[in-house]
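Thanks for making the time this morning. I would like to walk through one structure, going from its strands to its core and then to its cysteines.

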Amino acid sequence: QVQFVESGGGLVQPGGSLRLSCVASGFFLDYYAVGWFRQAPGKQREGVSCVGTSIGDTYYSGSVKGRFTISRDTAKGTVTLEMNSLNPGDTAVYYCGANLQRTACGNVMRGHEYSYWGQGTQVTVSS
């Protein structure tokens, strides 16, 4: 059966960094666009970043562009989200999912296109 696992979250001070990992079993992430979403208390789910199947195909939301970097390890079939210069607004539960309808990220992240969400990993940015 397909199972996604997000990891790497934790408590970090403002300005700090974290690296999140998305690992799938029973599924090949290399064949699909993979997205990271986050949801903070009282807020709607927000698409953060996407990596497509073509080299250089990435997407970042305006609030994280320049601070976050998404990448693939094609040999391992994993996706990583490196988060730098974190601020309290980044506090949320972060989820990864595979886009079953697209291999390219496009200019917008549509949540209904992504499937196989894991349990999420909590990121808390606080002093």
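Before I describe a sheet, let me fix one term: two strands are said to pair if DSSP finds at least two bridges between them. Please also keep in mind throughout that this is a predicted model.

With that in hand, the open sheet of four strands has the order β1-β3-β8-β7, and its pairing is antiparallel. Its edge strands are β1, residues 3-7, and β7, each of which pairs on one side only. On average, and ignoring direction, neighbouring strands in this sheet are turned by 15° against each other. If we look at β7 and β8 in particular, six bridges join these antiparallel strands, and Ile70 has Leu81 in β8 as its bridge partner.

Let me move to β4, which pairs with two other strands that I will take in turn. With β9 it pairs in the antiparallel sense over seven bridges, and Gln39 stands opposite Val93 of β9. With β5 it is joined by five bridges, again running antiparallel, and here Trp36 stands opposite Ser49 in β5. β4 and β5 form a hairpin with six residues between them, and Gly42, in the turn, has a positive phi of about 75°. As for its surroundings, β4 is mostly covered, with six of its seven residues buried.

That brings me to the interior. Which residues touch the most other members of the largest nonpolar core? In this core of 27 residues they are Leu29, Trp36, Phe68, Leu81, Met83 and Tyr94. Several strands each supply at least two residues of this core, among them β3, β4, β5, β8 and β11. There is also a second, separate core of seven residues, which includes Ala33, Cys50, Met109 and Tyr114. Coming back to Leu29, and leaving aside its neighbours within four places in sequence, we find it in contact with residues including Phe4, Cys22, Val34, Val79 and Ala98.

Now to the cysteines, where a search of the whole structure finds two disulfides. In the one between Cys22 and Cys96, the sulfur atoms are 2.1 Å apart, and because the torsion about the S-S bond is about 75°, this disulfide is right-handed. Cys22 lies in strand β3 and Cys96 in strand β9, so the pair ties together parts that are 74 residues apart in sequence. Cys22 is buried at 0% relative accessibility, and Cys96 is buried with a relative accessible area of 0%.

The other disulfide is formed by Cys50 and Cys105, with sulfur atoms 2.2 Å apart; its torsion is about -85°, so it is left-handed. This pair links distant parts of the chain, since Cys50 is in strand β5 and Cys105 in the loop between β9 and β10, 55 residues apart. Cys50 is buried at 0%, and Cys105 is buried at 2% relative accessible area. Counting bonded cysteines along the chain, the pattern is 1-3, 2-4.

Finally, a word on the backbone. Most residues other than glycine have a negative phi. Ser85, however, has a positive phi near 50°; this residue sits in the loop between β8 and β9 and is partly exposed, with a relative accessible area of 44%. Tyr116 likewise has a positive phi, near 65°; Tyr116 is found in the loop between β10 and β11 and, at 36% relative accessibility, counts as partly exposed.

Terms used. Residues are numbered from 1 along each chain as its sequence is written. This is a predicted model: local features need pLDDT of at least 70, side-chain atom pairs count only at pLDDT 80 or more; totals for chains, interfaces and linings use all residues. Side-chain values use heavy atoms; hydrogens and water are left out. A nonpolar core is a set of buried Ala, Val, Leu, Ile, Met, Phe, Trp, Tyr and Cys residues joined through side-chain atoms within 4.5 Å. Buried means under 20% relative accessible area, exposed over 50%, partly exposed in between (1.4 Å probe, protein chains only). Contact means heavy atoms within 4.5 Å. Axes are lines fitted to C-alpha atoms, for helices over the stretch in contact, and angles run from 0 to 180 degrees between N-to-C directions. A disulfide is a pair of cysteine sulfur atoms within 2.5 Å.
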